[in-house]
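Please read the following points alongside the coordinates. They begin with the terms used and then turn to the fold, the pairing of the chains and one helix.

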Number of protein chains: 2
Amino acid sequence: MMFSTKAEYGVRVMVDLARRGGAEPVALAEIAEAEGLPLAYLEHLVARLRRAGLVESRRGAHGGYLLAREPAQITMAEVVEALEGRIAPIECISSSPDGTISCVRESDPAHICTTKVLWTRVRAAIVQTLQETTLAELIPATPKKAVAA
Amino acid sequence: MMFSTKAEYGVRVMVDLARRGGAEPVALAEIAEAEGLPLAYLEHLVARLRRAGLVESRRGAHGGYLLAREPAQITMAEVVEALEGRIAPIECISSSPDGTISCVRESDPAHICTTKVLWTRVRAAIVQTLQETTLAELIPATPKKAVAA
DNA sequence: CTGATACCCTACCGCTGAGGTAGGCTTTAA
DNA sequence: TTAAAGCCTACCTCAGCGGTAGGGTATCAG
């Protein structure tokens with residue numbers, strides 16, 4: 001297993017929100033029950049989604065969460081990264097904010113990392129797939145409530 | 001981080017073996033020193049590689065390990081799978097030996113897993129990348145010993 | 001104004017697996 | 001026969017995952 005349940009649960013929450021149309025906020029307790037997941041734990045995950053600007057919250061009675069954007073405008077790369085942190089297939093490969101790929105074992109300039117090309121490819125494949133998949137694609141064809149009433 | 005250092009270290013061992021030409025067995029202690037990795041730990045990893053049929057061993061004095069096949073005939077998918085176990089981006093997605101992708105949350109037939117398509121895509125992207133990359137591609141251009149004397 | 005509702009935040013906790021160590025046994029070349 | 005190497009089992013430590021607890025705060029209904 002490579003991603004934790006943080007990604008699994010968090011994506012489920014996003015899909016659930018998308019499926020409900022987004023007209024009015026949805027209480028997290030409702031989603032927790034629908035998905036069969038622990039509410040207290042989901043609160044941690046949805047907090048990450050909120051900080052990443054992927055969902056918005058309404059506090060107080062009749063509060064809940066809403067998607068911050070149209071499902072088609074939300075990529076899974078954003079969602080997964082918000083939940084799991086920066087995507088790297090192994091610890092030694094991390095992309096800096098400027099996009100350069102570095103390897104911790106390359107501190108010795110004479111000893112270039114022979115496996116870097118492999119992990120760079122794997123990372124690119126994962127990121128590309130996550131970027132190409134939008135939330136809109138994951139909304140099931142048979143919604144619980146009508147998408148547009 | 002998605003793969004553990006098992007994959008990282010194990011791939012390094014394979015590259016090191018490939019780089020030495022494969023004429024005679026290489027002691028694991030030699031590789032451990034060259035890569036700066038703990039010998040006792042590498043022994044566990046190379047045992048997995050051997051059980052998977054990727055390396056062969058010669059016991060006794062002047063013993064060591066050899067690649068079981070030509071580097072071009074060894075894919076990174078085999079290597080990584082031998083070290084990490086079956087490749088799955090998250091726990092709920094596992095491919096059975098027959099190739100079907102199942103989801104643990106689909107036990108209830110009415111509740112199909114909406115996120116399955118995402119994780120299936122991610123898994124496919126990873127596996128394809130690992131299959132396309134062979135050990136031969138990771139051998140550095142400047143070998144310590146001549147590749148073909 | 002007073003609950004009730006639901007988000008928000010911090011702290012904690014058990015357990016698993018990663019990463020590594022230790023030590024003894026077996027095989028083989030010199 | 002001895003040293004070099006692989007082989008095997010057991011063990012250890014620790015971070016982080018998955019989850020719980022509980023109090024605080026904003027908001028709405030009546």
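1. Helices (DSSP runs of H or I, at least four residues) and strands (runs of E, at least two) are numbered from the N terminus. On that basis Gly21(B), whose phi is positive, near 90°, follows helix 1 of chain B.

2. This is a predicted model, in which local features need pLDDT of at least 70, side-chain atom pairs count only at pLDDT 80 or more, and totals for chains, interfaces and linings use all residues. Residues are numbered from 1 along each chain as its sequence is written, while chains are lettered from A and ligands numbered from 1 in the order in which they are written.

3. Chain A contains five helices and four strands, arranged along the sequence as α-α-α-β-β-α-β-β-α. Of its 149 residues, 34% count as buried, that is, with 20 or more other C-beta atoms, placed from the backbone, within 10 Å of their own.

4. Chain B is superposed on chain A by a rotation of 180° with 0.0 Å of shift along its axis, at an RMSD of 0.0 Å, the fit being by least squares on C-alpha atoms of residues with pLDDT of at least 70 in both copies. That is the relation of a two-fold axis. Within chain B, the residue that comes closest to the rotation axis is Met2(B), with its C-alpha at 2.2 Å.

5. Helix 1 of chain B (residues 5-19) has 15 residues and spans 21 Å from first to last C-alpha, close to the 21 Å expected at 1.5 Å a residue, where the expectation is 1.5 Å times one less than the number of residues. The helix is mostly covered, with 13 of its 15 residues buried.

Note on methods. Buried ≥ 20, exposed ≤ 12 C-beta atoms within 10 Å, placed from the backbone.
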